[in-house]
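Visitor: I would like to learn how to read a fold from its contacts, its surface and its pockets. Could you take me through one example?

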Amino acid sequence: MASFSIHLAVGKRYLENNIDRVKDEDLFYQGIIAPDLTNDKKITHYSLPYGDVWQDNVIGKVFLPDYIFSGKYDGSDYELGVFIHLVTDYIFFCFLIERKYMDSVSFLTFCNDLYYSYDCSQKFLDTKYAIDYSNIREIVDKNIAEGIKNKHVDFEHVDHKNIFTNEQLCNFVEYVSSIDIDKYISKIKKYKTNVLPDEKLSF
């Protein structure tokens, strides 16, 4: 999944772009991080059934129609945060990370590169978007540590690759945070599958 820094940066920019949309920012931010604070992210991300090809599993980690048609989205600040989290993950893995790269590495290498890239970008994102971890630092650190352990990430390995640039991340954050959520939900309901908010996508 996208890192906490990425999710929180998207959330902050969404609030700045939609000043009157959210009444309770604390509930909104709780929703922004909620899908990752669980032992079974396949459930909270409405993942497609896993198959033998790990790249397809990564791309299918989020299936937006299942969330929309579950009836959980009620327009509340919390569920708005949850939905934006899911959208962030969907676009992140399907369009920011190149499939050509994923096809050229093993799953373990991908996980190592991904967490290394998160580590490289965290300070930049935290500073640029003035992210406040004061109320969630402990739970975020615990979740990250569990992810590193479960995926056998090895930060001491010297051959890690940073798979996205800070510029790409900024463009990604701006793109996701500027989505018209209501129109996007209508589009998902119409096509009943994962679709982009629009076709103009370039990071």
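**Reading the fold**

Guide: Among the contacts in the protein with a separation of 6 or more, 75% join residues 24 or more positions apart. Keep in mind that the model is predicted.

Visitor: Which secondary structure elements does the protein have?

Guide: Count the helices and the strands, then read their order. Here there are 11 helices and zero strands. From the N terminus on, the order is α-α-α-α-α-α-α-α-α-α-α.

Visitor: How many of the 203 residues count as buried?

Guide: Burial is judged residue by residue and then given as a share of the chain. In this protein, 48% of the 203 residues count as buried. The outside can be read as an area: the protein exposes about 10,800 Å², and carbon and sulfur atoms supply 50% of that area.

Visitor: Are Cys 111 and Cys 170 buried or exposed?

Guide: Compare each value with the cut-off for buried, which is under 20% relative accessible area. Cys 111 counts as buried because its relative accessibility is 2%. Cys 170 has 13%, so this residue counts as buried too.

Visitor: How many disulfides does the structure hold?

Guide: Zero disulfides are found in the structure.

Visitor: Where is Asp 180 found?

Guide: Place a residue by the elements on either side of it. Asp 180 sits in the loop between helix H10 (166–177) and helix H11 (181–191). Its relative accessible area is 40%, between the limits of 20% and 50%, so Asp 180 is partly exposed. Along the chain, Asp 180 and Pro 197 are 17 residues apart; in space, 7.9 Å separates their C-alpha atoms.

Visitor: How much space lies in the second largest pocket?

Guide: A pocket is read by its volume, then by its lining. The second largest pocket holds about 410 Å³ of space. Its lining is made of 17 residues, and those nearest the centre are Asp 26, Tyr 29, Asp 132, Asn 135 and Ile 136.

Visitor: Which helix gives the most to the lining of the second largest pocket?

Guide: H2 gives the most, with five residues. Helix H1 (4–17) and helix H2 (25–33) each supply at least two residues of that lining.

Visitor: How do the residues of the lining divide into nonpolar, polar and charged?

Guide: Sort the lining residues by type. For the second largest pocket the result is 10 nonpolar, three polar and four charged residues.

Technical notes
Residues numbered from 1 in each chain as written. Predicted model: local features only at pLDDT ≥ 70, side-chain atom pairs only at ≥ 80, totals over all residues. Heavy atoms only, no water. Helix = DSSP H or I, 4+ residues; strand = E, 2+ residues; numbered from the N terminus. Buried < 20%, exposed > 50% of the residue type's maximum accessible area, 1.4 Å probe, protein only. Contact = heavy atoms within 4.5 Å. Areas by Shrake-Rupley, 256 points an atom, 1.4 Å probe, with all protein chains shown as cover. 1 Å grid on protein atoms, 1.4 Å probe; cavity = no way out; pocket = protein on both sides within 12 Å on 5 of 7 lines; lining within 4 Å. Points joined across faces, edges and corners; volume = space filled by probe spheres on them. Nonpolar A, V, L, I, M, F, W, Y, C, P; charged D, E, K, R; others polar. Disulfide = S-S within 2.5 Å.
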